[in-house]
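I opened a fresh notebook page for this structure, and I kept a short record of each thing I looked up.

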Amino acid sequence: MFFCGISGEPPQEPVVSTKSGKVYEKRLILKYINENGTDPTTGEKLEESDLVTIKASPENAAPRPPTHTSIPALLQLLQNEWDAMVLSTHALEQKYNATRQELSYSLYAQDAANRVVARLLRERDAAREALSNVQSSMGIAPTQGAAAEDVEMAETGLPAEIISQIEETHKTLSASRKKRKTTPGYASPAEVKTYTAIHTVPSLHSASPAGITALAVSQANPSQFLTGGNDHIVQLYDRSTDKVLASLRGHAKKVNHVALREKEGEPTLILSAGADKIAKVWAHDSTSGDYIPKATIRSHKAELTGLVVHPTKTIFGLSSADKTYSLYDMTNFEQIFRSAPSEDPFSSIAVHPDGILFALGTTSAAIHIYDSPYGRHRRCRSSPPDASPFTINTLSFSENGYHLAAPGSQSTVSIWDLRKLKAASSINLGDDFKVNKVVYDYSAQFLGVAGSQGARVFANKSWDELLRLDEGGEVSDLVFGKQGKEIWGATGREVRIWGSAASA
């Protein structure tokens with residue numbers, strides 16, 4: 001009986017090695033020679049020609065495998081099967097872990113692809129909106145056909161009913177303005193020269209951070225005024241009772257601008273715009289007597305730099321450092337217009353007394369004038385091209401509609417003739433004076449300038465200085481009272497009122 005030197009089993013086709021004299025199963029030794037080229041027993045070089053076939057009798061039956069002839073052999077067989085099963089299970093676990101990692105990577109890749117697609121869709125929608133605003137502001141209708149369906153452009157800049165309101169208001173106010181005369185009892189230049197401080201409202205807003213940033217005086221109730229502060233709060237104050245009527249919170253940063261919308265037959269609205277990129281609207285509730293929140297506007301991506309109520313009393317506008325300005329309907333507080341991005345951030349906004357024009361200042365000393373219903377745009381520069389740029393932080397149209405006051409530098413004021421779009425006059429306030437606010441009075445007789453060294457009042461056309469108000473130091477905002485009989489200014493945490501000593 002022969003046993004294979006490799007498998008230990010009786011060979012079916014036995015061969016003997018001439019190098020070692022060992023017997024092997026032919027198919028096994030041939031594979032070994034092909035892989036190694038040596039004898040498995042001695043390690044000597046071995047070739048197929050060194051193998052000699054053994055002639056065995058085919059009639060002899062092969063004996064039963066010795067591994068199945070005893071209990072120890074059976075136990076050994078079972079042990080071998082168990083080991084094989086354990087090794088197979090280990091291999092399966094390795095393959096499972098590898099498959100799970102591949103699946104995890106595939107899911108991550110799919111999620112990343114979805115995020116990229118979502119970002120691209122947002123960028124596409126933003127580009128479509130920007131293109132829509134450009135076409136709207138230029139008065140161009142969107143392209144028709146399949147391409148137009150893909151772009152999803154709006155057909156007009158402003159809704160037809162809003163344009164109708166603006167045009168009707170323009171015709172009415174323009175006609176009355178041309179016939180307007182100074183009302184009896186209105187303050188004269190001689191009276192303004194005699195104005196002195198007649199009242200001070202101290203300790204408004206919080207002491208830290210201190211300071212009033214914006215001021216508005218009620219036309220319906222001249223004893224009430226509105227302030228915004230560095231403390232993020234909007235306050236409504238009644239001078240006659242010396243009480244705070246409302247303390248309105250909602251801003252996360254300083255309040256840059258405040259305004260009152262007073263329209264007969266409708267609730268009074270308080271509006272504010274802040275450095276936190278949002279605008280707030282509160283409405284007076286006649287039942288409770290309080291002001292309740294009506295809207296929070298978050299459509300701009302940078303600080304709000306201007307707030308203005310349109311003469312229609314149904315629209316208000318915002319300017320922003322994100323290089324756009326927008327208009328909103330006061331009936332539902334929805335955005336009805338958004339301009340295309342400008343070259344520079346907008347830093348102020350003003351509306352023409354007839355409601356047809358908007359003027360916007362920029363941080364590069366340029367003034368943009370927009371014809372709101374039709375999207376026409378004109379641009380003028382408030383300083384020579386070679387001069388250092390500065391911020392147009394305040395604008396004011398004269399009530400006769402012909403002129404626009406704006407800083408000509410940090411310490412000068414330019415008077416622009418809107419009919420020629422040229423600077424007709426300039427007022428030099430001194431190198432140490434920094435302009436914070438310019439404002440015309442209702443009669444267009446006076447121009448007030450607030451700044452780092454108090455406030456000054458000039459006579460229209462001659463630009464003679466009528467009054468200098470410097471008792472409280474820097475004036476951040478300035479408002480002419482009813483009939484020009486008073487001048488209101490915000491100084492630090494105080495509101496000062498100047499007027500005739502006889503009316504104090």
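## Entry 1: charged pairs on the long list

I began with Glu123, which is partly exposed, with a relative accessible area of 43%. I note at once that the model I am reading is a predicted one. Looking for a partner, I found that Glu123 forms a salt bridge with Arg119, and the closest N and O atoms of the two are 3.0 Å apart. Both residues lie in helix α2, 4 residues apart, which is about one turn of the helix. Arg119 counts as partly exposed because its relative accessibility is 37%, and the cut-offs for that class are 20% and 50%.

In the sequence after Glu123 I looked up another pair, Arg124 and Asp125, whose side chains meet in a salt bridge at 2.9 Å, N to O. Arg124 is partly exposed at 36% relative accessibility, and Asp125 is partly exposed with a relative accessible area of 36%.

I then turned to Arg338 and Asp322, whose side chains meet in a salt bridge of 3.3 Å, N to O. This pair links distant parts of the chain, with Arg338 in strand β16 and Asp322 in the loop between β14 (315-320) and β15, 16 residues apart. Are these two residues buried or exposed? I found that Arg338 is buried, and so is Asp322. I also wrote down that salt bridges with shared partners join Arg261, Lys263 and Glu266 into one network, and that the structure holds 13 salt bridges.

## Entry 2: the whole protein

Stepping back, I noted 5 helices and 31 strands in the protein. Of its 504 residues, 43% count as buried. The protein exposes about 26,600 Å², and carbon and sulfur atoms supply 51% of that area. Among the contacts with a separation of 6 or more, residues 24 or more positions apart account for 43%.

## Entry 3: nonpolar cores

Which residues have the most contacts inside the largest nonpolar core? I listed Leu158, Tyr325, Leu327, Ile367, Leu395 and Leu404, in a core that has 32 residues. Several elements each supply at least two residues of this core, including α4 (160-179), β15 (325-329), β19 (366-371) and β22 (403-409). Apart from it lies another core, of 18 residues, among them Ala187, Leu469, Val475 and Leu478. I set a general remark beside this: in soluble globular proteins, nonpolar side chains tend to be buried together.

I followed Leu404 further and, leaving aside residues up to four places away in sequence, I found that Leu404 touches Ala359, Ile367, Leu395, Ser396, Phe397, Ser414, Ile415, Trp416 and Leu418.

## Entry 4: a nonpolar patch at the surface

I next looked for nonpolar side chains at the surface, and found a patch of about 350 Å² made by Ile71, Leu75 and Leu78. Ile71 has its place in helix α2 (residues 71-138). Ile71 counts as exposed because its relative accessible area is 63%, and the cut-off for exposed is over 50%.

## Entry 5: aromatic rings

A search of the whole structure finds 8 aromatic pairs. I looked up the one formed by Phe446 and Phe480, which is stacked, at 6.4 Å centre to centre and 25 degrees between the planes. The pair links distant parts of the chain, Phe446 in strand β26 (residues 446-451) and Phe480 in strand β29 (residues 477-480), 34 residues apart. Both Phe446 and Phe480 are buried. Elsewhere in my list, Tyr325, Phe337, Phe346, Phe358 and Tyr370 form one aromatic cluster.

## Entry 6: backbone exceptions

Most residues other than glycine have a negative phi, and most peptide bonds are trans. With that in mind I checked Lys277, whose phi is near 75 degrees, a positive value. Lys277 lies in the loop between β10 (269-274) and β11 (279-284), and counts as partly exposed at 40% relative accessibility. Ala365 also has a positive phi, near 70 degrees, and lies in the loop between β18 and β19. Is Ala365 buried or exposed? Ala365 counts as buried, because its relative accessibility is 0%.

Last, I noted a cis peptide bond that joins Ser208 and Pro209, with omega about -10 degrees. Pro209 has its place in the loop between β4 (196-201) and β5 (212-217).

How values were computed. Residues are numbered from 1 along each chain as its sequence is written. This is a predicted model: local features need pLDDT of at least 70, side-chain atom pairs count only at pLDDT 80 or more; totals for chains, interfaces and linings use all residues. Side-chain values use heavy atoms; hydrogens and water are left out. Patches are made of residues with over 30% relative accessible area and no salt bridge: like charges are joined within 9 Å, nonpolar side chains (Val, Leu, Ile, Met, Phe, Trp, Tyr) within 5 Å. Accessible areas come from the Shrake-Rupley method with a 1.4 Å probe; for residues, only the protein chains shown count as cover. A salt bridge is a side-chain nitrogen of Lys or Arg within 4 Å of a carboxyl oxygen of Asp or Glu. Buried means under 20% relative accessible area, exposed over 50%, partly exposed in between (1.4 Å probe, protein chains only). A nonpolar core is a set of buried Ala, Val, Leu, Ile, Met, Phe, Trp, Tyr and Cys residues joined through side-chain atoms within 4.5 Å. Contact means heavy atoms within 4.5 Å. Rings of Phe, Tyr and Trp (its six-membered ring) pair if their centres lie within 6.5 Å; planes under 30 degrees apart count as stacked, over 60 as edge-to-face and the rest as tilted.
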